[in-house]
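Dear colleague,

I am handing over the structure we discussed for your examination. Please find the sequence and coordinates below, followed by a summary of the findings.

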Amino acid sequence: MRRPAFLLSTVLAILVAVPMISVAKDATKIPGARGRFEERESDKYRSDAVAGALRAPSVRQDAVRRNFRLVGHIELPSDEVHGDVALFDYGADVGVHAFVGSWSARCAGTGVKIVDGSDPAHPVLASIAGSHPGESHEDMDILRIGDRVVMGVGAQVCGDEGRAGLLLLDVTDPADPQDLSFFPTPSGGVHELDLVARPDGQVLALLAVPFVEFDNTYFAADAGGEFRIVDISDPQNPTELADWGVIADSSLPIPAGNDEYSSSFQGVGLFAAAYAHSARAADDGMTAYVSYWDAGILKFDISDPSDPQ
């Protein structure tokens, strides 16, 4: 996961800590090599004793507990494996809320759990947003756009009815989230994203859409690149401005080799691949950093968001 966050199982724990902990994500559950990656990642959470049972990895638990103090907790839906956590401070009248994503391992389609953490000792489940069968909603970001508080959610396909894309919701009232729009993307959907408001008033969603170039290379999809920039200044009418792919748009060499990338599955290590995993804005939305697996962390000048360099 991209954000330092709380540790999650079926319980959301509110903690005070010196270090912060993060947990690695999976790729979307789609056929072929991507599906095998999903299965490999899911195996980390499967008990050897009980088929289908899910558990968090029991690694260095003593180190995990050190320097943490439990303040409060809340039980979240038990049919789901939870994903990323984001915080948004609405101000004095509404308070701080936590937004908890849903991972694809069980593909329950639960959506994003919105938790009122204004009283950290007594968190309350305010609502659940974006539920849809066959989808995981692992990563989200929240931003105030005009008089709305808007949440962008990455939708990834994990079942037959799933959609791939960016879901935008009005969460101005966290107890009553409302759908604004759905922006479809190729391949398995949006894995991680970031929302940013620029000084000129333009609001962008930076999207990482893994394995689009895999589909281009092996299935002649002609679907563009995996780093995508979407204008969401009007969140009811999102508009794509640009896309970029390491195969089509770069001359980067394969790690430990001399040739340029020509396939998504060129790299080093246990899962040798190059695909857009996450994206983050910086410098008031003029710069983007994209985690591209074995291709490294790529820095882009997006001062002209229609022509990332």
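The notes below cover the nonpolar cores and then one of the sheets.

Please bear in mind that this is a predicted model.

Nonpolar cores

The largest nonpolar core comprises 21 residues. Within this core, L206, F227, Y292 and F300 have the most contacts. At least two core residues come from each of the strands β13 (203-208), β14 (227-231), β16 (278-282), β17 (287-291) and β18 (297-301). The largest share, three residues, is supplied by β13.

The surroundings of F227 may merit your attention when you view the model. Leaving aside residues up to four places away in sequence, F227 touches L206, L207, A242, D243, W244, A276, A279, A288, V290, F300 and P308. Separate from the largest core is a second one, made up of 18 residues, with V150, L168, L193 and I232 among them.

The four-stranded sheet

Four strands form an open sheet in the order β3-β4-β5-β6, and their pairing is antiparallel. The edges are occupied by β3 (82-89) and β6 (124-129); each has a single partner strand, so one side of each is left without a neighbour in the sheet. On average, neighbouring strands in this sheet are turned by 25° against each other, with direction ignored.

The partner of β6 is worth describing in detail. Strand β5 (residues 112-116) runs antiparallel to β6 and is joined to β6 by five bridges. Across this pair, K113 stands opposite I128 of β6.

Yours sincerely

Technical notes:
Residues are numbered from 1 along each chain as its sequence is written. This is a predicted model: local features need pLDDT of at least 70, side-chain atom pairs count only at pLDDT 80 or more; totals for chains, interfaces and linings use all residues. Side-chain values use heavy atoms; hydrogens and water are left out. A nonpolar core is a set of buried Ala, Val, Leu, Ile, Met, Phe, Trp, Tyr and Cys residues joined through side-chain atoms within 4.5 Å. Buried means under 20% relative accessible area, exposed over 50%, partly exposed in between (1.4 Å probe, protein chains only). Contact means heavy atoms within 4.5 Å. Two strands pair if DSSP finds at least two bridges between them. Axes are lines fitted to C-alpha atoms, for helices over the stretch in contact, and angles run from 0 to 180 degrees between N-to-C directions.
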